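Reader: Please take one part of this model and go through it closely, with its surroundings. I would like a connected account rather than a list.

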Amino acid sequence: SDTTIGGFDKWKPGCPCFIRLREALYKAKDLDTFAQILIKDNGGDYANTWFIGDVNSNEIMKLDLGG
């Protein structure tokens, strides 16, 4: 689930969100790794708040991702 953060305009060149998200979904084994993949090379192209759940550990994480 995600929620868009309004009024954010600090875009810089980086890896598009949809590519980082796909990589995180395929490669992350835990929530920390998922967050690291989303944060790396973030260009601020999709500023939002992510709520991510891990069914194996029963943990939920909130990640505010801007630029």
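**The hairpin and the helices packed on it**

Author: In the hairpin formed by strand 2 and strand 3, 4 residues lie between the strands, and Asn 58 among the residues of this hairpin takes a positive phi near 60°. The model is a predicted one, so a word on confidence belongs here. The protein chain has an average pLDDT of 83, and 81% of the residues score at least 70. Among its elements, helix 2 has the highest mean pLDDT, 95, and strand 1 (residues 2-4) the lowest, 56. Where pLDDT is low, predicted coordinates should not be read in detail.

The two strands of the hairpin pair in the antiparallel sense over 7 bridges. Within this pairing, Phe 51 of the hairpin stands opposite Lys 62 in strand 3. Strand 2 is largely enclosed by the rest of the structure, because 5 of its 7 residues are buried.

Both strands also take part in the largest nonpolar core, which has 12 residues in all: Cys 17, Ala 24, Leu 31, Phe 34, Ala 35, Ile 37, Leu 38, Trp 50, Ile 52, Met 61, Leu 63 and Leu 65. Two or more of these residues come from each of helix 1 (17-27), helix 2 (31-39), strand 2 (48-54) and strand 3 (59-65). Helix 2 contributes the most, 5 residues.

Helix 2 is therefore a reasonable place to continue, since its buried residues line one face of the helix, falling within an arc of 160° when seen down the axis. These buried residues are Leu 31, Phe 34, Ala 35, Ile 37 and Leu 38. They pack against helix 1, strand 2 and strand 3. Phe 34 shows part of this packing: apart from neighbours within four places in sequence, Phe 34 is in contact with Leu 21, Ala 24, Leu 25, Ala 28 and Ile 52. Asp 32 and Gln 36 are exposed, on the face of helix 2 turned away from the buried side.

The surroundings of helix 2 can be described at both ends. At the N-terminal end, Asp 30 acts as a cap, with a side-chain oxygen 3.3 Å from the backbone nitrogen of Asp 32. Just after helix 2, Asp 41 takes a positive phi of about 60°.

Helix 1 has its own buried set, made up of Cys 17, Arg 20 and Ala 24. These residues are on the same side of helix 1, because they cover an arc of only 70° around the axis. What covers them includes helix 2, strand 2 and strand 3. Phe 18, Arg 22, Leu 25 and Tyr 26 are exposed on the other side of helix 1.

One residue of that buried set remains to be described. Arg 20, found in helix 1, counts as buried because its relative accessibility is 1%, where the cut-off is under 20%. The side chain of Arg 20 makes a polar contact of 3.1 Å with the side chain of Asn 42. Leaving aside neighbours within four places in sequence, Arg 20 is in contact with Cys 15, Ile 37, Leu 38, Lys 40, Asp 41, Asn 42, Gly 43, Asp 45 and Leu 65. Among these contacts, Ile 37 and Leu 38 are also buried residues of helix 2, and Leu 65 belongs to the largest nonpolar core.

Methods
Residues are numbered from 1 along each chain as its sequence is written. This is a predicted model: local features need pLDDT of at least 70, side-chain atom pairs count only at pLDDT 80 or more; totals for chains, interfaces and linings use all residues. Side-chain values use heavy atoms; hydrogens and water are left out. A nonpolar core is a set of buried Ala, Val, Leu, Ile, Met, Phe, Trp, Tyr and Cys residues joined through side-chain atoms within 4.5 Å. Buried means under 20% relative accessible area, exposed over 50%, partly exposed in between (1.4 Å probe, protein chains only). Contact means heavy atoms within 4.5 Å. A polar contact is a pair of N or O atoms within 3.5 Å; within protein, one must be able to donate a hydrogen and the other to accept it, and residues adjacent in sequence count only if both atoms are side-chain atoms. Two strands pair if DSSP finds at least two bridges between them. pLDDT is the predictor's confidence in each residue, from 0 to 100. The arc is that of the directions from the helix axis to the C-beta atoms.
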